[in-house]
Amino acid sequence: MHKMAKKAVLIGCNYPGTKAELKGCINDVWRMHECLIRNYGFLDDDITVLIDTDRSYTQPTGKNIRFAMSRLLRSAQPGDVLFVHYSGHGTRLPAESGDHDDTTGYDECIVPTDMNLITDEDFREFVAKVPRDCRITIVSDSCHSGGLIELAKEQVGESTHDGEPVSTPGFKNFLHKTREDTLEARDIEEEHGELHHGDQSYVKNRSLSLSTLIDILKEKTGEDDVEIGNIRPTLFYIFGEDASPKVKNFIKFFWNKFQLGGDESEGHSGILGLVNNLAQGLLNYKLSDSDEEIEDPVKPTSTKHNIVERGILLSGCQTDQTSADASPHGNPDKAYGAFSNAIQAIIAETGGEVTNRQLVLKARKKLHRQGYTQKPGLYCSDDHASAPFVC
């Protein structure tokens with residue numbers, strides 16, 4: 001008879017030495033590591049840690065994060081408790097044209113240390129593969145994390161409303177805005193830099209603005225024509241078969257459209273031309289001969305039932321909000337994510353005996369009292385909302 005196991009993957013990205021640098025994400029991971037062992041009976045051997053500040057640990061690249069999460073699922077048996085914590089940047093791209101299943105108007109993404117984005121649909125597919133009678137709890141202390149598991153039921157939050165988007169522009173409207181207008185708006189919203197915040201000497205948003213993402217991708221490619229409209233092709237150009245399954249789906253869709261365009265496909269220069277040539281030459285190798293089955297980018301490959309039944313997401317904020325990275329009294333050694341810090345305080349106060357709903361509601365109150373505007377969210381089934389946090 002299988003004995004219930006408790007297994008976790010903890011991911012922290014501080015992006016040291018880059019324009020995206022944060023201070024508190026690795027501390028969040030180690031505090032959660034200690035908490036899982038002390039309060040919830042996890043064994044050190046059953047906790048996988050990915051951090052980018054120590055080369056002796058597995059680096060939290062897109063490929064490594066997906067591999068660690070896939071391994072977590074492969075080893076899971078019915079009845080096991082699975083847990084994933086992510087602290088790092090979030091970002092969001094305008095949803096693909098025709099993606100009717102997206103309820104926010106954007107692809108919410110986490111940002112691995114190498115910028116190989118992992119999208120909300122990737123998380124949806126991941127949760128849909130959780131074995132029956134298992135449950136997985138995902139804590140995401142990152143910006144725009146409210147929509148991170150597509151189709152999950154919103155228990156606490158304002159990211160979606162009866163399955164409809166909340167004040168988010170559609171793809172067509174987005175394309176009508178100029179690149180400069182869009183980047184300027186994102187910079188105002190997301191690039192607040194270091195601010196004085198109550199007794200916190202340092203507060204920075206865990207949101208990677210599109211302008212910063214584009215700058216980093218330009219450095220990686222050496223190409224100057226990276227812009228909002230070709231971020232997905234650029235990610236495929238850089239990462240190839242290691243790119244997000246959703247990016248690969250998009251590229252197959254994009255490549256087929258180019259082929260239908262006949263000679264027009266040969267007229268593209270820069271990133272789009274490079275990606276087109278790469279896709280033509282390596283389509284079978286990079287896109288079809290892959291661990292993940294390639295699907296139509298607008299066609300869901302999993303059911304809402306699976307996701308609601310097995311997945312629990314506690315998000316640091318709503319899909320259109322940012323999460324804070326803070327240092328008390330300017331001490332980077334003690335830096336933390338505001339949401340992660342609130343979770344640890346609540347677990348200390350309750351001895352860890354708190355439901356998912358109680359934890360999120362208490363975190364909202366605590367963050368509000370501390371002067372933060374972010375509102376944590378809870379996305380799961382009704383039963384899981386009233387179930388104990390973690391296990």
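Here a trainee and a mentor talk through a predicted model of a protein chain.

Trainee: Let's start with the overview: how many helices and strands does the secondary structure of the protein chain come to?
Mentor: Happy to begin there. The protein chain has 391 residues, and 58% of them count as buried. Its accessible surface comes to about 16,700 Å², with 48% belonging to carbon and sulfur atoms. The secondary structure comes to 13 helices and 16 strands.

Trainee: What share of the contacts with a separation of 6 or more is between residues 24 or more positions apart?
Mentor: Good thing to check when thinking about the fold. Contact here means heavy atoms within 4.5 Å. Among contacts in the protein chain with a separation of 6 or more, the share from residues 24 or more positions apart is 75%.

Trainee: Which strands stand at the edges of the open sheet of 7 strands?
Mentor: Follow the order, which is E2-E1-E3-E7-E13-E16-E8, with mixed pairing. Neighbouring strands of this sheet are turned by 15° against each other on average, direction ignored. The strands that pair on one side only are E2 (47-51) and E8 (154-156).

Trainee: In which sense do E1 and E2 run, and which residue of E2 stands opposite Ala8?
Mentor: Strand E1 covers residues 6-12, and 5 bridges join it to E2. The two strands run parallel. Opposite Ala8, in E2, stands Ile47.

Trainee: On the other side of E1, what is the bridge partner of Gly12 in E3?
Mentor: E1 and E3 also run parallel, joined by 7 bridges. In E3, Gly12 has as its bridge partner Ser87.

Trainee: Is E3 mostly covered or mostly open, and which of its residues point the same way as Phe83?
Mentor: E3 is mostly covered, as 7 of its 7 residues are buried. Leu82, Val84 and Tyr86 point one way from the strand, and these are buried too. Pointing the other way, along with Phe83, are Val81, His85 and Ser87.

Trainee: Moving along the sheet, which residue of E7 stands opposite Tyr86?
Mentor: Strand E3 (residues 81-87) pairs with E7 in the parallel sense over 7 bridges. One pair places Phe83 opposite Thr137 of E7. Tyr86, in turn, stands opposite Ser140.

Trainee: Why is E7 described as largely enclosed by the rest of the structure?
Mentor: Look at both faces of the strand. Arg135, Thr137, Val139 and Asp141 point one way from E7, whereas Ile136, Ile138 and Ser140 point the other way, and all are buried. E7 (residues 135-141) is largely enclosed because the number of its 7 residues that are buried is 7.

Trainee: Which residue of E13 stands opposite Ser140?
Mentor: E7 and E13 pair in the parallel sense over 5 bridges. In E13, the residue opposite Ser140 is Ser315.

Trainee: What is the order of the open sheet of 3 strands, and which residue of E5 stands opposite Thr91?
Mentor: The order is E4-E5-E6, with antiparallel pairing. E4 (90-94) and E6 (118-119) each have a single partner strand, so one side of each is left without a neighbour in the sheet. E4 is joined to E5 (residues 106-110) by 5 bridges. Opposite Thr91 in E5 stands Cys109.

Trainee: How many residues of H3 are buried?
Mentor: Helix H3 spans residues 120-128 and is mostly covered. Its buried residues include the charged Asp120, Glu121, Asp122, Arg124 and Glu125. Phe123, Phe126, Val127 and Ala128 are buried as well. The count is 9 of 9.

Trainee: How do H11 and H12 cross, left-handed or right-handed?
Mentor: The axes of H11 (residues 338-350) and H12 (residues 356-369) come within 9 Å and cross at roughly 115°. Contact residues include Phe339 and Ile343 of H11 and Leu359 and Leu367 of H12. By class, the contact has 9 nonpolar, no polar and 3 charged residues. The crossing is right-handed.

Trainee: And what is the handedness of the crossing of H6 and H7?
Mentor: H6 (residues 210-221) and H7 (residues 231-239) pack at about 35°, with axes 11 Å apart. Among the contact residues are Leu213 and Leu217 of H6 and Ile231 and Leu235 of H7. The contact divides into 8 nonpolar, 2 polar and 1 charged residues. This crossing is left-handed.

Methods:
Residues numbered from 1 in each chain as written. Predicted model: local features only at pLDDT ≥ 70, side-chain atom pairs only at ≥ 80, totals over all residues. Heavy atoms only, no water. Axes fitted to C-alpha atoms, helices over the stretch in contact; angles between N-to-C directions. Helix = DSSP H or I, 4+ residues; strand = E, 2+ residues; numbered from the N terminus. Left-handed = near helix turned anticlockwise from the far one by under 90°. Pairing = 2+ DSSP bridges. Buried < 20%, exposed > 50% of the residue type's maximum accessible area, 1.4 Å probe, protein only. Areas by Shrake-Rupley, 256 points an atom, 1.4 Å probe, with all protein chains shown as cover.
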